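Colleague: I would like to go through this structure with you and ask, at each step, what lets us use the words we use.
Modeller: Gladly; let us look at it together and set each term against its cut-off.

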Amino acid sequence: MVAKLKGRVPFRADPWKATMRRLFPVLLALLLTCVAVPGQARAAGEVTYDEHSLMVDGRRIVLQSAEFHYFRLPSQELWEDVLEKFKAAGFNAVSLYFSWAYHSPRPGVYDFTGVRDVDRLLRTAERAGLYVIARPGPYINAESTGGGFPAWLKTVPGRARSFEAGYREAYREWLHRINPIIARHQVTEGGPVILYNAENEYQVNTDAAYMQDIQDQARADGIEVPITTNDCCDAGSWSSTWATGPGAVQIPGVDDYPQSFECANPELWGPWGEGLTEKLRDDIPVFAAEYQAGAIDLGNAGYERCRELTGPAFMKFFYKNNLMRTGATMFSYYMGYGGTNWGWLAQPNDVYTSYDYGAAITEARQLTPKYDEFKRQGLFLQAVTPLAKTGAVPSPATSGNAALTTVARANPDTGTQFVLVRHEDRAATSTDETILDWAAPDGRHQVPVQVKGRDAHVLVAGYDLGGQRLAVSSSEIMTHAAIGGRDVAVLYGTAGSPGATVLRYASRPTVKVLEGRVRVTYDEGDLRLDYAHEGLARVLVTGGGRRPLLLLIGTDETAAEFWRAETAAGPVLVRGTELVRSATSYGDTVRLAADTKAGPVEVFTPADRLRIGQDEIRVTRTPSGSLLGATRAPGQAHLPALTGWRAHAESPEAAPGFDDSRWTAADHTTTVSPHKPKTLPVLYADDYGFHYGNVWYRGHFTATGSETRVDLNAITGLRGNYLVWLNGRYLGSAAGGVQADSGDQATPPNPDPGPGRFDIPDGLLKAGAGNVLSVLVATTGHNDDWIADDLRFKQPRGLVAASVGDTPITWRIQGTAGTDRLRGPLSTGGLYGERTGWHLPTYPDKSWNSATGTLPPGVTWQRTSFRLDLPKGQDVPVGLRFGGDPSPAYRVLIFLNGWNIGQYGADIGPQREFSLPAGLLNEHGTNTLALAITAEQPTTGPGPLGLFAYGNVRSGR
Ligand code: IPT
């Protein structure tokens, strides 16, 4: 728009000035309108966009991003590992939610140190070479406690996710803390942040003033990059209806989870549709803001099933289909790495401790076949730049096989064509072949193509592949690079399927088939190669008026063995190793930062010498011109047995004589909560500043003697419970309530969410004297606010009703004893042991007895320590495995060196193995494990525990 206006002004000295003077206010107004009206293609700093793609400094990019939650990996050192793994898979961006709850224990208090150091996180992303989509909410969902809202927000008046006072001051406080950190890392400041995501799936409660204010605050805090939001479900609410009104963002995107979350049925196939990301407005690129790349484990099937549900076949079909049918150039996959709901981070209704998500990279940072598929697709998107600007064109016919269908796009500037080949019926599992009759830019060609079941291929024609001209190929391109004065290209196809590649030459080139079976023909400038995809064929083409070309034609599997890294002296391709993070070249040497086991390594490089880490690798020059060597096996990692457990029972709070005089008096008669209590005083834990984990209540009453029953009601969140003692005698336990009020018109509020009725045994009450009721409530996290109704999120935690007949009770409450500065607000709750440091490594447990025998109802701690000395320079992720079967009689909080790294139990979820991330785990020294076991019934507690390794590589970090 600005450029057009400039173009229209006639360039004549004086009249021009005069015109300008007259026009200036008009122009200024126009300019300002342009800035204020979203959806115009223009510069925001150096990040611009048009209907095709984002641009950085005018250069088009295909944004290939994956989601990462730093708050689910409490180890700053490991952020780098994960982000480098993203980069190596061909991602050029990472999408980061920022969790308000993780940083703020109470109003006005924010902590960005240690594992919460997001400044370091953004620097790490930059070092890894990734752009950042910054998503600070304020609401983030993400199956995280409160959907990212700190629990103290439940005590703040005003509807959450609206412009109402109370909430407004609170979210502005958060934004003014987080925005400046994000702002100084923007692309416009030379940093990685390329987009800013306002709110999250804010499609239900359409408070435009709120949506606009988030953006205004961001701009005021220095956010210059384009603002986006992720729409869902009723896509378009913030995009078409509100396109130019208050609240509308510049580049709305869409969330899509076509494969559902039914991990128990991994054979499902797109139950929620074909997952095509809509084009929301004519002036913006198609943006898949969250595209499914894993699943929450709703049915407790275990995350391996989620990985199957969203495995390579799903990725091939759905991702390529999306790319080709809509011309999307902005993708963010949810999740690239899931991580751990350590501490009280989980939103309890949908997830347990692990947030592995069935992602391409596991919770313990291991690469999976899904990672290979991301790498095949990601390297392609980065290498073949004409993809950043395409439009639909007529597609070649699939002569002879109606089972297959094609979709085509072309870049209008280069003419490069892209053809998607897939089954017509997306559920088909048959293998079908056809001859594509392709009227490509360089002439018409017939090439064979096969589609095996739910595979899909994106084929390329009319493409300047480095110094070559690719006329057409029925193999997919993984990547290509100019290395040492020649082009090296990696193509691939389904093992066993036929393929053909045609290249253009001025004259007949010399062709040497170095490996594999490839038929070579030449006809009027067309060099045609016919082959079956098998292993790795190698074809060297020289002469013909072009620089040399080494064509490597593999299968899905052999293509996945390749890595690509950039050096100052140009790119290198590597076949082999577990992971190539980066490469540097100096003199005649190329050095790889690679993770390795024992095996061959081949490097396509002009260098003569190879180093991997500190090792000089002995290499030979292959007929392909590459360097071939071998890597060493990693050293054995010794993991000790876990022995010497000591135990100590706690729950002194259950005893009548326990001194609770320093506890908080629970005497409020009113609450700002939209949920009103059934009995007074208000006993909601949050109202007394206790937000996470276990909370104790002690109720004192003078009995009349006629009381027969204790009636309680507690809301804990799914998987929570509570235990009750009267005058020190255990009365029993009950499950905590989940929904007090669904907020859903169709479901009436549950008047009795978590009832517990306990008969008073004869002779226990002291008539006319003081009696003490002790209640331990295990809360499990806060509901999210996905539907933006405020009510679910604000559902109380703790006791919501309590009575012993009509006898008045005075209450005291105790939860966590202050925030652990190192571990943050979500690590510790209010167990006696937590309040007195039994979970901490420094706690002196020498006087404790060795752990044997039956655990009584209540809380018992078990502790042991172990020494590790893992091999230096290796990455050995360690896990803790619970042997035997869990019983519903108990639940266990697990503390590693004082950090609450998860919860185990039959009622908690299917998880038996818990990740002990390096950083929290001392890999070269002493570690302390402390288990807080809450028994509802007498039990022997958990079975034998052991350490195990998820993997072992020499580390290239
Ligand atoms: C989408 C949320 O935006 C994201 O935070 C996360 O909760 C994800 O779902 C599921 O893991 S909401 C989408 C399911 C409609």
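**Reasoning from values to words**

Modeller: Cys263 and Cys306 are both buried, and these two cysteines, in what is a predicted model, form a disulfide.

Colleague: What makes the pair Cys263 and Cys306 a disulfide?

Modeller: The term asks for two cysteine sulfur atoms within 2.5 Å, and the sulfur atoms of Cys263 and Cys306 are 2.1 Å apart, a value that meets the cut-off. In general, such a link is a covalent bond between the sulfur atoms of two cysteines. A search of the whole structure finds one disulfide, and the link of Cys263 and Cys306 is right-handed, with 105 degrees about the S-S bond. Cys263 lies in the loop between strand E9 and strand E10, while Cys306 belongs to helix H8, so the pair ties together parts that are 43 residues apart in sequence.

Colleague: How do you know how far to trust the protein chain, and where is confidence lowest and highest?

Modeller: The pLDDT, which runs from 0 to 100, averages 93 over the protein chain, and 93% of the residues score at least 70. Confidence is lowest in helix H1 (residues 2–8), at a mean of 27, and highest in strand E5 (residues 93–97), at 99. Over residues 1–44 the pLDDT stays under 50, and for this stretch the model has 37 contacts beyond four places in sequence.

Colleague: What does the UniProt record place at residues 386–562?

Modeller: The record, an unreviewed entry, places the feature "domain: Beta-galactosidase" there. In the model, the chain over residues 386–562 is 2% helix and 66% strand, with the end C-alpha atoms 22 Å apart.

Colleague: Why is Asn141 called buried?

Modeller: Buried means under 20% relative accessible area, and Asn141, at 9% relative accessibility, therefore counts as buried. Asn141 sits in the loop between E6 and H6, and its phi is positive, about 65 degrees, although Asn141 is not a glycine. Most residues other than glycine have a negative phi, and most peptide bonds are trans. Arg161 also lies in the loop between E6 and H6; its phi is near 60 degrees, again a positive value in a residue other than glycine, and at 0% relative accessibility Arg161 counts as buried.

Colleague: What kind of peptide bond runs from Gly137 to Pro138?

Modeller: That bond is cis, with omega near 10 degrees, and Pro138 is placed in the loop between strand E6 (131–135) and helix H6 (167–183). A cis peptide bond also joins Tyr334 and Met335, where omega is about 0 degrees, and Met335 lies in strand E11 (residues 330–337).

Colleague: How do you know that the side chains of Glu199 and Tyr210 make a polar contact?

Modeller: The distance must be within 3.5 Å for a pair of N or O atoms, and the contact that joins the side chains of Glu199 and Tyr210 is 2.7 Å, a value that satisfies this limit. Glu199 is found in the loop between strand E7 (193–197) and helix H7 (208–220), and with a relative accessible area of 1% Glu199 is buried. Leaving aside neighbours within four places in sequence, Glu199 is in contact with several residues, including Gly137, Arg161 and Tyr210.

Colleague: Which residues come nearest to the ligand?

Modeller: Of the 17 residues around the ligand, Tyr97, Asn141, Glu143, Glu201 and Tyr357 come nearest. The limit of 3.5 Å can be applied here too: a polar side-chain atom of Tyr97 lies 2.8 Å from an oxygen atom of the ligand, an N or O atom in the side chain of Tyr357 is 2.5 Å from a ligand oxygen atom, and for the side chain of Glu290 the value is 2.9 Å.

Colleague: What caps the N-terminal end of H5?

Modeller: Asp117 does, with a side-chain oxygen 3.3 Å from the backbone nitrogen of Asp119. Asp119 is one of the buried residues of helix H5 (residues 118–128), which also include Leu121, Leu122 and Ala125. After H5 comes Gly129, whose phi is positive, near 80 degrees.

Colleague: Is Asp660 buried or exposed?

Modeller: Against the cut-off of under 20%, Asp660, at 7% relative accessibility, counts as buried. Asp660 is found in the loop between strand E37 (646–649) and strand E38 (664–666), and, leaving aside neighbours within four places in sequence, Asp660 is in contact with Arg698, His700 and Arg812.

Notes
Residues numbered from 1 in each chain as written. Heavy atoms only, no water. UniProt positions renumbered as here; feature names shortened; annotations may be inferred. Helix = DSSP H or I, 4+ residues; strand = E, 2+ residues; numbered from the N terminus. pLDDT = per-residue confidence, 0-100. Contact = heavy atoms within 4.5 Å. Buried < 20%, exposed > 50% of the residue type's maximum accessible area, 1.4 Å probe, protein only. Polar contact = N/O pair within 3.5 Å; in protein donor to acceptor, adjacent residues only side chain to side chain. Near = heavy atom within 4 Å.
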